[in-house]
Structure formats: C-alpha cells, structure tokens
Amino acid sequence: MSVLTTIDLDTIVRGAFSVKDSFVLPDGEAEYKVVYDEKAKGAFESLYETLRPKGYVPRLTGSRDDCVLLVRKAPTEKGSSRAPVVLGLLTLAAVVAYGWLQYIVYQQLLPEQLPVLMGLAYVLVLILVIGLHEVVHSRSAGRGEGGTRAPVPYFLPGLPAFTALPSFGTVLVHREPPVNRDALFRTGFLGPIVAIVLCILFYAIGVITAATVSMAQVQSVLTALPNIQLTTPNPSIMESLIVSFLNLIGGGPPTASGSQLISPIAAAADTGLILSFFNLLPATQLDGGQLCESILGYRGLRITTYLSIVALLVLDTPNYWIMAVIVLVIAGRPARLSTLDEVSEVSRAKKVLFAAALLLALASVPIPQNIATLQLVTG
C-alpha cells in the first residue's frame with residue numbers, strides 16, 4: 001500500500017472534482033467543498049477506486065448545493081466472526097437432514113426410483129440455489145481492486161422435525177459502507193433474482209420428471225412426517241404459470257384422478273422460491289431491505305419493515321410467523337446503513353426494478369391457505 005503525501009492526495013481529488021475550497025486535516029486527511037454536477041456520481045466512484053487501495057476512504061456529504069468531500073484514512077479491519085461459518089454449517093446440516101427425509105419418503109413410496117438419488121437431488125439443488133445466491137452477493141459487492149468488501153451472510157437455519165423449511169434465508173451485515181445507493185441496490189438485487197431464475201428452471205425440470213403416486217400414499221407419508229415438504233397444497237403464482245406453460249407446450253406429465261405428482265427437484269425449487277420471498281421482504285438487513293433503503297431511505301425502510309411483520313403475521317402459515325418473529329428481533333436493533341456517497345440517488349430504472357422485485361417476491365410465495373379458501377368461497 002503506497003503512502004500518499006498531502007500534495008498527492010490534493011492532486012487526485014482535484015483531478016476528479018471541481019474544488020471550491022479545501023482544508024488540510026491532521027494525519028494527512030483532508031476536507032473539500034466541491035461542485036456537484038451530472039458527472040459527480042461517476043467521479044466519486046472513480047475516486048473511491050483510486051484511493052481505497054492506497055488506504056484512504058472518501059465520503060460525500062451535504063447536498064447538491066453544498067457538497068462536502070471528506071477524505072479519511074481507511075479504518076483498521078476487525079477480526080472476522082465465527083458466527084457466519086457456524087450458521088452456514090447449521091444450514092447445510094439442515095438441508096442434508098431434509099434431503100434424508102426425502103430419501104425416507106421415496107424409500108416408502110417409490111423404492112424403485114433410487115431413493116438415495118432422490119434425497120441427493122433435493123440437497124444439491126437447494127445448495128446450488130442458496131450458494132449461488134451468496135456468490136452473486138459477493139461478486140456484485142466488490143468491483144475491481146478498490147471494490148468494497150462483500151457483506152457477510154448470516155444464514156438462518158431451520159430445525160428438522162420442528163420447521164417445514166431447512167432455512168429462513170439470510171441476513172446481510174456490511175463490513176464497510178457501500179460506495180453509493182447504486183452499489184447498495186446492486187448487492188441486494190442480483191442475488192435473489194438469480195436464485196429465482198434458478199428455481200424457475202429447476203421447478204420446470206422437477207415437474208417434467210415428476211413421479212406419480214396415489215393420494216392415499218401421499219397422505220400416509222404426510223401423517224407420519226408432517227414437516228416434510230412433499231407437495232405444495234397451494235402453489236405460488238410463479239409455479240402455476242410454469243405448469244400452465246408446460247401443459248401448453250405439451251411438456252407437463254398427465255395426472256390421473258386421485259394421484260399426485262412428487263419430485264425432490266420441484267420440492268427444492270419450491271423451497272428456494274419461498275426463501276427468495278423472505279430475502280426480498282422490504283425489511284431491515286434483508287436483501288429487500290437494502291433495495292428499499294436505497295430507494296426510500298432509512299425512514300421508509302423502518303415503515304416497510306413493520307408493514308412486512310404485520311403482513312407475515314396475518315397469514316395462516318407457521319413458516320411466515322417464524323419469519324415475522326425473526327424480522328421483529330432484527331428490527332429491535334436497527335442498523336442504519338449509510339453509503340459513502342450520501343448525495344447521489346438511484347436512477348429511475350432501479351426504482352422500476354425495485355417494484356419488479358417486489359412483484360417477483362409475491363409471485364414466488366405459495367398462496368396462503370386462508371386466502372386460497374377465501375378465493376374458493378367467493379368464486
């Protein structure tokens with residue numbers, strides 16, 4: 001890491017911004033009053049990528065009319081916590097345990113279908129969905145040599161035999177502020193979107209390759225293992241559209257009266273869609289919360305966080321109630337996520353993408369039983 005002199009630092013800053021006034025601070029730091037114009041947003045990103053590898057962090061504060069650029073030495077990195085690793089291993093263990101339950105189910109229903117491979121298929125698909133989600137988070141957070149350190153995922157593992165899901169998503173903790181609201185949006189957006197696309201693909205594969213068993217067999221297994229995810233009583237809008245499309249092109253398997261299609265691949269994709277819904281909730285420290293804060297700010301995020309809790313509580317599915325409690329606990333310790341560039345705003349296109357992400361989240365979650373029942377009654 002090269003050491004910058006005061007003159008070097010001043011030259012770099014003036015090469016990026018039009019400076020009105022400047023002040024030299026102790027320990028080689030500086031403060032500048034700069035002109036904020038249409039090029040300032042990109043200029044600040046370039047300045048960050050130049051200064052961060054040299055041990056300095058710029059911060060843009062104030063307003064467009066009174067914009068102040070602060071250049072500070074980068075804080076010392078703290079030691080990493082073991083909690084993310086422990087929670088990740090617990091989540092992995094929970095996914096494997098649910099894969100074992102899939103093996104038990106197929107051993108009883110379809111022993112000729114190689115039950116070990118059925119359980120393994122569930123585990124591999126779900127690990128791929130969750131893992132790629134986090135890899136995209138990591139890659140989208142760090143851009144080039146000067147990119148910010150990727151946020152740390154804290155997995156929320158389920159409890160086999162007690163919860164119907166092996167995981168309840170992840171909570172993201174940033175180790176340093178994102179460069180600007182665009183970077184904050186990008187980190188929260190790409191991960192769950194990639195996960196949803198994967199789930200759509202795997203759900204279609206699962207439907208095409210599904211096996212057919214009698215409803216009586218399914219009910220006997222569900223009675224013995226009430227928490228196993230074998231079928232989806234009320235599929236999500238996304239899943240219904242996939243099945244309709246497959247039937248339209250002649251790719252959907254026929255289902256006789258009194259029979260049920262089952263597939264570990266479709267079950268894993270269904271779980272992945274539910275986790276994507278949880279992750280996209282506009283609640284603090286979730287992916288959707290990052291999107292919301294980049295668009296609506298911290299106050300808007302606090303409002304949508306408690307609205308998310310209320311929405312989860314009024315639904316009749318225990319999985320949603322558990323998630324509501326998790327969000328409530330996280331909201332009890334609010335963490336405002338500031339960006340280094342506090343002046344610039346996200347583009348209009350990202351606001352449209354935010355609305356699209358919320359619609360995708362709603363389309364990914366199974367229709368709650370109370371709403372489905374209401375539809376049947378009114379219909």
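1. A contact here means heavy atoms within 4.5 Å. By that criterion methionine 323 touches Phe168, Phe278, Leu281, Leu286 and Leu312, leaving aside residues up to four places away in sequence. Methionine 323 is part of helix H10 (residues 318-331); helices (H or I, at least four residues) and strands (E, at least two) are DSSP runs, numbered from the N terminus. Its relative accessible area is 0%, so methionine 323 is buried. Buried stands for under 20% relative accessible area, exposed for over 50%, and partly exposed for what lies in between (1.4 Å probe, protein chains only). From methionine 323 to isoleucine 309 the C-alpha to C-alpha distance is 8.3 Å, with their positions 14 residues apart in sequence.

2. Basis of the note. This is a predicted model, in which local features need pLDDT of at least 70 and side-chain atom pairs count only at pLDDT 80 or more, while totals for chains, interfaces and linings use all residues. Residues are numbered from 1 along each chain as its sequence is written, and side-chain values use heavy atoms, with hydrogens and water left out.

3. The chain overall. Twelve helices and eight strands make up the list of elements in the chain. The chain has 379 residues, and 47% of them count as buried. Among contacts in the chain with a separation of 6 or more, 74% are between residues 24 or more positions apart. The exposed area is about 18300 Å², of which carbon and sulfur atoms supply 64%; accessible areas come from the Shrake-Rupley method with a 1.4 Å probe, and for residues only the protein chains shown count as cover.

4. The four-stranded sheet. Four strands form an open sheet in the order E1-E2-E4-E3, with antiparallel pairing. E1 and E3 are the edge strands, each pairing on one side only. Averaged over the sheet and with direction ignored, neighbouring strands are turned by 20° against each other. Two strands count as paired if DSSP finds at least two bridges between them. Strands of a sheet pair through backbone hydrogen bonds, either parallel or antiparallel.

5. E1 with E2. Strand E1 (residues 19-24) runs antiparallel to E2, and five bridges join the two. Valine 24 has alanine 30 as its bridge partner in E2. The two strands form a hairpin with five residues between them, and aspartate 27 in the turn has a positive phi of about 65°.

6. E4 and its two neighbours. On one side, five bridges connect E4 to strand E2 (residues 30-34), again antiparallel. Valine 34 has cysteine 67 as its bridge partner in E4, and alanine 30 is partnered there by valine 71. Strand E3 (residues 56-62) is joined to E4 by seven bridges, also antiparallel, and here threonine 61 stands opposite valine 68. A hairpin through four residues leads from E3 to E4.

7. How enclosed is strand E4 (residues 67-73) by the rest of the structure? Five of its seven residues are buried, so E4 is largely enclosed. Helix H2 lies across E3 and E4 and runs at about 155° to E3. For such angles, axes are lines fitted to C-alpha atoms, for helices over the stretch in contact, and the angles run from 0 to 180 degrees between N-to-C directions.

8. Salt bridge at the sheet. The structure holds six salt bridges, a salt bridge being a side-chain nitrogen of Lys or Arg within 4 Å of a carboxyl oxygen of Asp or Glu. One of them is between the side chains of glutamate 29 and arginine 72 (3.9 Å, N to O). Glutamate 29 lies in the loop between E1 and E2 and arginine 72 in strand E4, so the pair ties together parts that are 43 residues apart in sequence. Glutamate 29 is buried at a relative accessible area of 17%, whereas arginine 72, at 32%, counts as partly exposed.

9. Salt bridges between helices. Aspartate 182 and lysine 41 meet through their side chains in a salt bridge (2.6 Å, N to O). This pair links distant parts of the chain, with aspartate 182 in helix H5 (residues 181-208), lysine 41 in helix H2 (residues 40-51), and 141 residues separating them. Aspartate 182 has 11% relative accessibility and therefore counts as buried. A salt bridge also joins lysine 350 to aspartate 182 (3.9 Å, N to O). Lysine 350 lies in helix H11 (residues 348-364) and aspartate 182 in helix H5, so this pair ties together parts 168 residues apart in sequence. Lys41, Asp182 and Lys350 are thus linked in a network of salt bridges.
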